[in-house]
Each structure stands twice: as structure tokens, then as C-alpha cells.
Amino acid sequence: MPRPSSILMREHEVILRAVKGLENKINYMRDSGRIDVDFLRDFIEFSRTFIDRCHHGKEEVCLFPCLERRGIPREGGPIGVLLMEHEMGRTLIKRLSEALDRYVEHGEGFDRVIQLCEGYVELLKEHIDKENNVLFPMGDEVMEEKDSEEVESCYDEREEEIGHGIHERMERLAEHLGGESEDST
Ligand SMILES: [Fe+2]
Ligand SMILES: [Fe+2]
């Protein structure tokens, strides 16, 4: 498999670890009837920084444009759907952040917080599944040798822009988010 997709698939593993942690946390919160505000604030930070800036950034700025140039359509094709899902994810996280503030300030909206978390878990799992099993294999077919190099250096530029050490810090945060509720699996 060419490196551009294998790098993103490795990041999917990191994302799924945090998402699994969130899924376990949802069950825990339901059972206890209380929202774990600190956990969710950490998750929101992980989502905004790692999922969105590090990962979706690489897809939107580097990989998808390359695949479009090689003939995979955006409109009416997989890329359009995936981009729309990135946008849905951003909206869900924004709403979750607002719902969380409301819960902290007024102690209300427990169900809404839970529903938004569930929606996000479902969206991300399906999204990653589509990329791993549909788009990336299609992309690997059409990409040429020099595309791989270009896309990879584009990834490096993205990381450079985000800043040194952020990616690694986010990987540790994913470990923390994924591991914290491991007991309840
Ligand atoms: Fe994506
Ligand atoms: Fe992805």
C-alpha cells in the first residue's frame, strides 16, 4: 500500500482508540446519570486538534485534491460525501461544546450531551470505514509514484504548520481517552 494511505490509516487507529473511549464513557455516563465534563473537554480538544487539523487537514488539502486530479469525482462521488461528513463532524463537536457549557452552567441537557456524543461516535466509525475500505483502495489504484511523494510532503507541511510536538501530544491524549474507560469494556 502506498504511504499516503497507510499514514492516514495509522491515524485512523489513533482516532478509533479515542472514539472507543468515548463510546465506553457514554455507557458509564448513562449508568451514573452524570456527565464527565473533563473527559468530554479533552475529547473535544482531541477532535479539534488531531481529528480536524492534523488528520482531516491532510485529507482535504493533500490527498483528496490529488485523487480528484487522478479522476475520482468529488460531486456525486465518494470525496463529496466524505467532505460533507467532515463538516457534519465539525458541527457536532461545536454543538457538543455548547451543550457541555450549558450543562456546566445550568445543570441541564444531559440527554442532549449523550445524543451528540452518540451521533459523533457513529459518524466517525462509519466515515473511517468508508475511507479504509472504499476511497483509499480506489486511490491506491489511481495514484502514481510521484503523487505519493507530493502528497507525503504536503502532509509534512501540514504538521509543520500545526506545530512541533502537537501530533505526539495528541497521540498521548488519545491513549489517555481510550484507556481511561477500558475497565468498562
Ligand atoms: Fe475523512
Ligand atoms: Fe480519515
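Okay, which element gives the most to the lining of the largest pocket? Hold that thought for a second. What we have up here is a predicted model, so please keep that in mind throughout.

The answer is α5, with 5 residues in the lining. Helices α1, α5 and α6 each supply at least two of the lining residues. The pocket itself comes out at about 300 Å³. There are 16 residues around it, and the ones closest to the centre are E11, K58, D156, E159 and H167. If you sort the lining by class, you get 10 charged, 4 polar and 2 nonpolar residues.

Now, cavities. Searching the whole structure for anything of 30 Å³ or more turns up 1 cavity, and its volume is about 60 Å³. Helices α2 and α3 are the elements giving two or more residues to the lining of the largest cavity. Among the lining residues are D52, H56, H86, R90 and Y120. By class, this lining has 4 polar, 3 nonpolar and 2 charged residues.

Keep D52 and R90 in your heads, please. Those two, along with E60 and E87, are linked in a network of salt bridges. Within that network, E87 and R90 pair up with their closest N and O atoms 3.0 Å apart. They sit 3 residues apart in helix α3, so about one helical turn separates them. Neither is buried: E87 is partly exposed at 42% relative accessibility, and R90 is partly exposed at 27%.

Further along α3, E98 and K94 do something similar, at 3.1 Å from N to O. Here the spacing is 4 residues, so again about one helical turn.

The total count is 22 salt bridges. One of them is E144 with R70, at 3.5 Å. That one links distant parts of the chain: E144 is in the loop between α4 and α5, R70 is in the loop between α2 and α3, and they are 74 residues apart. E144 is partly exposed at 41%, and R70 is partly exposed at 29%.

Last bit, the greasy part. The largest nonpolar core has 37 residues, and L22, I35, L40, F43, F46 and V113 have the most contacts inside it. Helices α1, α2, α3, α4 and α6 each give two or more residues to this core. Take F43: beyond its sequence neighbours within four places, F43 touches A18, V19, L22, I93, Y120 and L177. You'll recognise Y120 and I93 from the cavity lining. There's also a second, separate core of 16 residues, including L8, F64, L67 and I79.

Note on methods
Residues are numbered from 1 along each chain as its sequence is written. Chains are lettered from A and ligands numbered from 1 in the order in which they are written. This is a predicted model: local features need pLDDT of at least 70, side-chain atom pairs count only at pLDDT 80 or more; totals for chains, interfaces and linings use all residues. Side-chain values use heavy atoms; hydrogens and water are left out. On a 1 Å grid over the protein atoms alone, a cavity is a set of points where a 1.4 Å probe fits but cannot get out, and a pocket is an open set with protein on both sides within 12 Å along at least five of seven lines; lining residues have an atom within 4 Å of a point. Grid points are joined across faces, edges and corners, and a volume is the space filled by probe spheres set on the points. Ala, Val, Leu, Ile, Met, Phe, Trp, Tyr, Cys and Pro count as nonpolar, Asp, Glu, Lys and Arg as charged, and the others, Gly among them, as polar. A nonpolar core is a set of buried Ala, Val, Leu, Ile, Met, Phe, Trp, Tyr and Cys residues joined through side-chain atoms within 4.5 Å. Buried means under 20% relative accessible area, exposed over 50%, partly exposed in between (1.4 Å probe, protein chains only). Contact means heavy atoms within 4.5 Å. A salt bridge is a side-chain nitrogen of Lys or Arg within 4 Å of a carboxyl oxygen of Asp or Glu.
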